[in-house]
Amino acid sequence: MIQEMASLISLPYPVETTEADIIRNYLNNAEGNALLIELDSQVIGYVTWYRAIVSSSPVPMMHLDDIYIRAEHQNRGIGRKVISYLQNLAYSNGYRCLAWQVLKTNTSALAFYDRLKCHTTDAYIDCCIQAAPSSSLS
């Protein structure tokens with residue numbers, strides 16, 4: 001389903017995650033969390049999240065990694081229910097907010113978040129550098 005989501009949103013990098021990675025990082029690990037989204041006993045999506053901290057706040061936040069609902073089940077209020085569940089979970093765990101990133105090209109997600117009245121900003125640019133031995137930048 002992760003490959004399905006990546007293709008749908010034109011993820012700008014390859015998906016390398018295996019089922020074993022998901023089990024290790026989200027299901028058997030206190031750091032990551034995952035839920036399958038079901039409707040009538042059929043899996044129609046998933047959501048993953050983790051606890052995050054930032055230096056500018058003493059209170060951790062919940063970082064939403066992925067939320068994916070198959071296209072044929074979108075626009076039925078399911079995504080709203082999932083976000084509401086996560087908001088409540090974040091509140092129950094003492095997190096200051098539920099935060100996430102979205103690709104600028106994912107227009108259906110952007111429209112959904114706009115309908116939810118989410119605060120957005122374009123003040124940040126995501127940066128990523130491959131993990132490597134410290135001598136690699138010399």
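Buried residues are here those with under 20% relative accessible area, and exposed residues those with over 50%. In this predicted model, the protein averages a pLDDT of 85, with 92% of the residues scoring at least 70. Confidence is lowest in helix 1, where the mean is 71, and highest in helix 3, which spans residues 78–92 and reaches 95; the description of helix 1 that follows is to be read with that mean of 71 in mind.

By the criterion above, the buried residues of helix 1 (residues 2–9) are Met5, Ala6 and Ile9. They lie on the same side of helix 1, because the arc that they cover around the axis is only 100°. In general, an α-helix has 3.6 residues a turn, so residues three or four places apart point the same way. Ser7 and Leu8, by contrast, are exposed on the other side of helix 1. The cover over the buried residues of helix 1 includes strand 2 and strand 3.

These two strands also pair with each other: strand 2 and strand 3 (residues 61–69) run antiparallel and are joined by eight bridges, and within this pairing Arg51 has Met62 of strand 3 as its bridge partner. Strand 2 (residues 42–52) is likewise joined by eight bridges to strand 1 (residues 32–39), again in an antiparallel arrangement, with Gly32 standing opposite Tyr50 of strand 2. The hairpin formed by strand 1 and strand 2 has two residues between the strands, and in this hairpin Asp40 adopts a positive phi near 50°.

Notes. Residues numbered from 1 in each chain as written. Predicted model: local features only at pLDDT ≥ 70, side-chain atom pairs only at ≥ 80, totals over all residues. Heavy atoms only, no water. Pairing = 2+ DSSP bridges. Helix = DSSP H or I, 4+ residues; strand = E, 2+ residues; numbered from the N terminus. Buried < 20%, exposed > 50% of the residue type's maximum accessible area, 1.4 Å probe, protein only. Arc of directions from axis to C-beta. Contact = heavy atoms within 4.5 Å. pLDDT = per-residue confidence, 0-100.
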